[in-house]
Amino acid sequence: MAPVLTAVTDHVHFAQTDLVNWTLVTGDDGVILIDAGFPGSRPDVLASLGELGFGVTDVRAILLTHAHIDHFGTAIWFAETHGTPVYCHADEVGHAKREYLEQASPLAVAAHAWQPRWLRWSVAIMRKGALTHAGIPSTLAFTEDLGAVLPGAPVAVPTPGHTGGHCSYLVDGVLVAGDALITGHPVASRPGPQLLPSMFNHDDAACRRSLSALGMLDAEVLLPGHGPLWRGPVRDAVDQATHASVS
Ligand SMILES: [Zn+2]
């Protein structure tokens, strides 16, 4: 499925696909990506850039919410082939370099494969390069000073839990939450604001603490790593996710 691109503000554009989302933030001197899909999402990422009138060399930087393959896959290619700078939270840099891996094990996922939606999802992500082991050796820690000079002047909102250095971003009044707060997922049994199933989370208790922290933000639009964009006070989405994830 090609990405569906939504203009959220003049500068923030949300690219949604059935498997994962990313965000484009435009400025006078180029564009940044927040997350970049699977390795196999490359044609879709390039299509989303093209739709806004940008090419590969216009990408000033890629910010990662976290270094899972579905969010940083195409950033591997950008960094390797075009030297595009890639940033994430300081606590996620080692993960992005693949000095270690904090991802649900294929065995844990396989245990669910008897459920049709899990099986369909597993096959779909394999096709997108989910088993790629490459990291991005050039990854750097995102800083306030750097954010200030990037398109949209994104501000980091650390949300550890899903991974140790997971980070959300506030840009143009919009919350880009990555996997700290999602609104749907191919393996989720119901739509709406929620946390990912705990087998995907490095530290479930930290996920819940980060979720509460997001509830204190003043944002009115939520761009999740998975699922449709969500309009309304983010604290309402947090409330729904808190109650949806009591299991
Ligand atoms: Zn994800």
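Okay, let's start with the nonpolar core, and keep in mind that this is a predicted model. The largest core has 40 residues, and the ones with the most contacts inside it are Ile62 and Phe78. Who contributes? Quite a list of elements gives two or more residues: strand S3 (21–27), strand S4 (30–34), helix H1 (42–51), strand S5 (59–63), helix H2, strand S6 (86–88), helix H3 (93–96) and helix H5. H2 gives the most, with seven residues.

So you can find your way around, take Ile62 on your screen. If you leave aside its neighbours within four places in sequence, Ile62 is in contact with Leu33, Ala36, Ala75, Phe78, Thr84, Pro85, Val86 and Tyr87. Notice Phe78 in there, the other residue we just named for its contacts inside the core. There's also another core, apart from this one, of 19 residues, and Tyr87, Tyr169, Val176 and Leu223 are among them.

Now, the sheets. Which strands make up the open sheet of seven, and in what order? Just read along the numbering: S1-S2-S3-S4-S5-S6-S7, with mixed pairing. At the edges you have strand S1 (4–7) and strand S7 (140–141), each pairing on one side only. If you want one pairing to look at, go to strand S2 (residues 12–16) and S3: they run antiparallel and are joined by five bridges. One place to spot that is Gln16, whose bridge partner in S3 is Asn21.

Then there's an open sheet of five strands, ordered S8-S9-S10-S11-S12, and the pairing here is mixed. Its edge strands are strand S8 (155–158) and S12, and each of those pairs on one side only. S8 and strand S9 (residues 167–171) run antiparallel, with four bridges between them. Look for Val157 standing opposite Ser168 in S9.

Next up, the metal. What holds the zinc ion? Four residues coordinate it: Asp70 through OD, His71 through NE2, Asp179 through OD and His226 through NE2, at 2.0 to 2.4 Å. The angles among the four donor atoms go from 88 to 162°, and the site is irregular. Along the chain, the donors follow the spacing D-H-x107-D-x46-H. The two histidines link distant parts of the chain: His71 is in helix H2 (residues 69–82), while His226 is in the loop between strand S11 (221–224) and strand S12 (230–231), 155 residues apart. Are they buried or exposed? Both His71 and His226 are buried.

Last stop, the aromatics. The count comes to five aromatic pairs. One of them is Trp118 with Phe200, and that pair is stacked, with 5.8 Å centre to centre and 5° between the planes. Trp118 sits in helix H5 (residues 116–127) and Phe200 in the loop between strand S10 (174–178) and helix H7 (204–214), so this pair ties together parts 82 residues apart in sequence. Both Trp118 and Phe200 are buried.

Phe200 has a ring pair with Trp121 as well: the centres are 5.6 Å apart and the planes are at 80°, so that pair is edge-to-face. Again distant parts of the chain are linked, with Trp121 in H5 and Phe200 in the loop between S10 and H7, 79 residues apart. As for accessibility, Trp121 comes in at 10% relative accessibility, so it counts as buried, and Phe200, at 11%, counts as buried too. Put the rings together, and Trp118, Trp121 and Phe200 are linked into a cluster.

Conventions: Residues are numbered from 1 along each chain as its sequence is written. This is a predicted model: local features need pLDDT of at least 70, side-chain atom pairs count only at pLDDT 80 or more; totals for chains, interfaces and linings use all residues. Side-chain values use heavy atoms; hydrogens and water are left out. Donors are N, O and S atoms within 2.8 Å of the metal (3.2 Å for Na, K and Ca); water is not among the atoms, so sites may look incomplete. Four donors count as tetrahedral if all angles lie between 85 and 135 degrees; four count as square planar and six as octahedral if opposite donors are over 155 degrees apart and all others between 65 and 115; anything else is irregular. Buried means under 20% relative accessible area, exposed over 50%, partly exposed in between (1.4 Å probe, protein chains only). Rings of Phe, Tyr and Trp (its six-membered ring) pair if their centres lie within 6.5 Å; planes under 30 degrees apart count as stacked, over 60 as edge-to-face and the rest as tilted. A nonpolar core is a set of buried Ala, Val, Leu, Ile, Met, Phe, Trp, Tyr and Cys residues joined through side-chain atoms within 4.5 Å. Contact means heavy atoms within 4.5 Å. Two strands pair if DSSP finds at least two bridges between them.
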